[in-house]
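Colleague: I would like to go through the labels used for this fold and hear what each one rests on. Please show the chain before we start.

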Amino acid sequence: MKGKKIAIVAHCILNQNSVVNGLERAEGAFNEIIELLLKKNYAIIQLPCPEMLFLGIDRKGRTKEEYDTDEYRKLCREVLKSIIKYLKEYSKEEFKFILIGIEGSPTCGIFKTVTKEGLIDGSGILMEEFLKMLEDNKIHIKKFDFPVNMNKYNKFLKELERLLR
């Protein structure tokens with residue numbers, strides 16, 4: 001029997017090794033998030049990390065403005081094409097989706113991103129491109145951001161559990 005529920009997660013939810021040095025908050029994956037998704041019978045699709053593909057593992061942190069180039073946006077759209085194909089197929093069977101981004105990320109923030117002015121409302125580059133592609137393909141999805149402030153982590157987990165029902 002198909003559970004028909006899929007979580008699409010920012011790359012670093014499953015792999016903190018890809019994060020800019022010094023910004024990692026777990027040794028590998030965020031185990032509690034993964035355990036919660038599995039407990040609620042969600043399949044998981046990991047988004048690629050365009051920052052690592054673009055600048056490598058030893059990159060320095062950048063703002064949204066610094067990533068906002070035609071070349072970077074093209075890379076983001078390219079790495080998202082196969083994800084969109086998967087989701088279009090799942091949509092035919094009325095699967096439910098939730099997208100988990102990273103608050104404050106210049107690439108993977110859904111609701112807040114870091115700019116030269118600081119943390120502001122708005123999506124990171126990958127999420128802007130992804131949300132546009134989802135809209136263009138009429139794919140409906142719940143959206144949720146992992147908090148930038150680890151003091152809000154337990155609240156985040158409780159809210160995520162509520163959303164996964």
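Colleague: What makes strand S1 (residues 5-9) and S2 a pair?

Modeller: In this predicted model, S1 is joined to S2 by four bridges. Pairing needs at least two bridges, so S1 and S2 count as paired. The two strands run parallel. One of the contacts can be named: alanine 7 has isoleucine 44 of S2 as its bridge partner.

Colleague: Which strands form the open sheet, and in what order?

Modeller: The order is S2-S1-S3-S6, four strands with parallel pairing. Strand S2 (43-46) and strand S6 (142-146) are at the edges because each has a single partner strand, which leaves one side of each without a neighbour in the sheet. From one strand to the next, the twist averages 25°.

Colleague: Which helices lie across these strands?

Modeller: H2 lies across S1, S2, strand S3 (96-102) and S6, and runs at about 135° to S2. H6 lies across S1, S3 and S6, at about 160° to S3.

Colleague: Why is H2 called roughly parallel to H7?

Modeller: Helix H2 (residues 31-39) and helix H7 (residues 153-163) pack at an angle of about 15°. Angles under 35 degrees count as roughly parallel, so H2 is roughly parallel to H7. Their axes are 11 Å apart, and the crossing is right-handed.

Colleague: Which residues make that contact?

Modeller: H2 contributes Glu32, Ile33, Leu36 and Lys39, and H7 contributes Tyr153, Phe156, Leu157, Leu160 and Glu161. By class, the residues of the contact of H2 with H7 are six nonpolar, no polar and three charged.

Colleague: Why is H5 described as oblique to H6?

Modeller: The axes of helix H5 (residues 70-92) and helix H6 (residues 125-136) cross at roughly 45° and come within 9 Å. Roughly parallel would require an angle under 35 degrees, and roughly perpendicular one from 65 to 115. The crossing angle of H5 and H6 meets neither condition, so the label is oblique. H5 passes H6 in a right-handed crossing.

Colleague: What is the make-up of the contact of H5 with H6?

Modeller: Its residues divide into 12 nonpolar, no polar and five charged. Those from H5 include Tyr72, Cys76, Leu80 and Leu87. Among those from H6 are Ile125, Phe130, Met133 and Leu134.

Colleague: How do you know that phenylalanine 54 and tyrosine 72 form an edge-to-face pair?

Modeller: Their ring centres are 4.9 Å apart, and the planes stand at 65°. The limits are centres within 6.5 Å for a pair and planes over 60 degrees apart for edge-to-face, so the rings of phenylalanine 54 and tyrosine 72 meet both. The structure holds nine aromatic pairs.

Colleague: What does the pair of phenylalanine 54 and tyrosine 72 tie together?

Modeller: Phenylalanine 54 lies in helix H3 (residues 50-55) and tyrosine 72 in helix H5, so the pair ties together parts 18 residues apart in sequence.

Colleague: In which sense do S4 and S5 pair, and what joins them?

Modeller: Strand S4 (residues 112-115) and strand S5 (residues 118-121) pair in the antiparallel sense over four bridges. Lysine 112 has aspartate 121 in S5 as its bridge partner. A hairpin of two residues joins S4 to S5.

How values were computed: Residues numbered from 1 in each chain as written. Predicted model: local features only at pLDDT ≥ 70, side-chain atom pairs only at ≥ 80, totals over all residues. Heavy atoms only, no water. Axes fitted to C-alpha atoms, helices over the stretch in contact; angles between N-to-C directions. Parallel < 35°, antiparallel > 145°, perpendicular 65-115°, else oblique. Left-handed = near helix turned anticlockwise from the far one by under 90°. Contact = heavy atoms within 4.5 Å. Nonpolar A, V, L, I, M, F, W, Y, C, P; charged D, E, K, R; others polar. Phe/Tyr/Trp six-rings, centres within 6.5 Å; stacked < 30°, edge-to-face > 60°.
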